[in-house]
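Me: Please take a close look at one part of this chain, the place where its aromatic rings come together, and describe in connected prose what is found there and beside it.

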Amino acid sequence: QVQLEESGGGLVQAGGSLRLSCAASGRTYTLYYMAWLRQASGKEREFVGGIRLNGSYIKYAESVKGRFTVSGDSAKDTIYLQMNGLKTEDTAVYYCAAVDATIPTKPEQYDYWGQGTQVTVSS
């Protein structure tokens, strides 16, 4: 089993920055790809950004491209989401997810999920 735990969420003003972390524990040697997804109140869960754990592939949603950065630290089995230029529409619960095989194309395909961390952006 793999456990994922997000941290770093909170309240921030529009235009500000926040850095989220996701630490993986358990049987982490098989992990292939990890990602950040978010779900705003009353809306679908959506992909934000993801990374091959060897750093060879990084993908972002168009809505966050140029503002958010996904990175990883393989020695710590941890990924990060640096969020800059935050907007009120970024308000959501942010989830860390992972797979040990094919890169997912939809949320149901992830093998592991964290509990989520709330990010609230105020105007």
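Reply: A residue is called buried here when its relative accessible area is under 20%, exposed when that area is over 50%, and partly exposed in between. The model is predicted, and what follows should be read with that in mind.

By that cut-off Tyr 95, at 14% relative accessibility, counts as buried. Tyr 110, with a relative accessible area of 7%, is buried as well, whereas Trp 113, with a relative accessible area of 29%, is partly exposed. These residues belong together, for Tyr 95, Tyr 110 and Trp 113 form one aromatic cluster.

A search of the whole structure finds two aromatic pairs. In one of them, Tyr 95 and Trp 113 meet edge-to-face, with 6.2 Å from centre to centre and 85° between the planes. That pair links distant parts of the chain, since Tyr 95 lies in strand β9 and Trp 113 in strand β10 (residues 112–113), 18 residues apart. Trp 113 also pairs with Tyr 110: the ring centres are 5.5 Å apart and the planes stand at 65°, so this pair too is edge-to-face, given that planes over 60 degrees apart are classed in that way.

A charged side chain joins the picture at two of these rings. Arg 45 lies over the face of Tyr 95, at 3.8 Å from the ring centre, and Arg 45 lies over the face of Trp 113 as well, at 4.7 Å from the ring centre. Tyr 95 therefore has the edge-to-face pairing with Trp 113 and Arg 45 over its face, while being buried at 14% relative accessibility.

Strand β9, which holds Tyr 95, also leads to a covalent link. A disulfide joins Cys 22 to Cys 96, with a distance of 2.0 Å from S to S, and the count for the structure comes to one disulfide. Cys 22 lies in strand β3 (residues 18–26) and Cys 96 in strand β9 (residues 92–99), so the pair ties together parts that are 74 residues apart in sequence. The link of Cys 22 and Cys 96 is left-handed, with -80° about the S-S bond, and both cysteines, Cys 22 and Cys 96, are buried. Strand β9 thus contributes Tyr 95 to an aromatic pair with Trp 113 of strand β10, and Cys 96 to the disulfide with Cys 22 of strand β3.

Definitions and conventions
Residues numbered from 1 in each chain as written. Predicted model: local features only at pLDDT ≥ 70, side-chain atom pairs only at ≥ 80, totals over all residues. Heavy atoms only, no water. Disulfide = S-S within 2.5 Å. Helix = DSSP H or I, 4+ residues; strand = E, 2+ residues; numbered from the N terminus. Buried < 20%, exposed > 50% of the residue type's maximum accessible area, 1.4 Å probe, protein only. Phe/Tyr/Trp six-rings, centres within 6.5 Å; stacked < 30°, edge-to-face > 60°. Lys NZ or Arg CZ within 6 Å of the ring centre and 35° of its normal.
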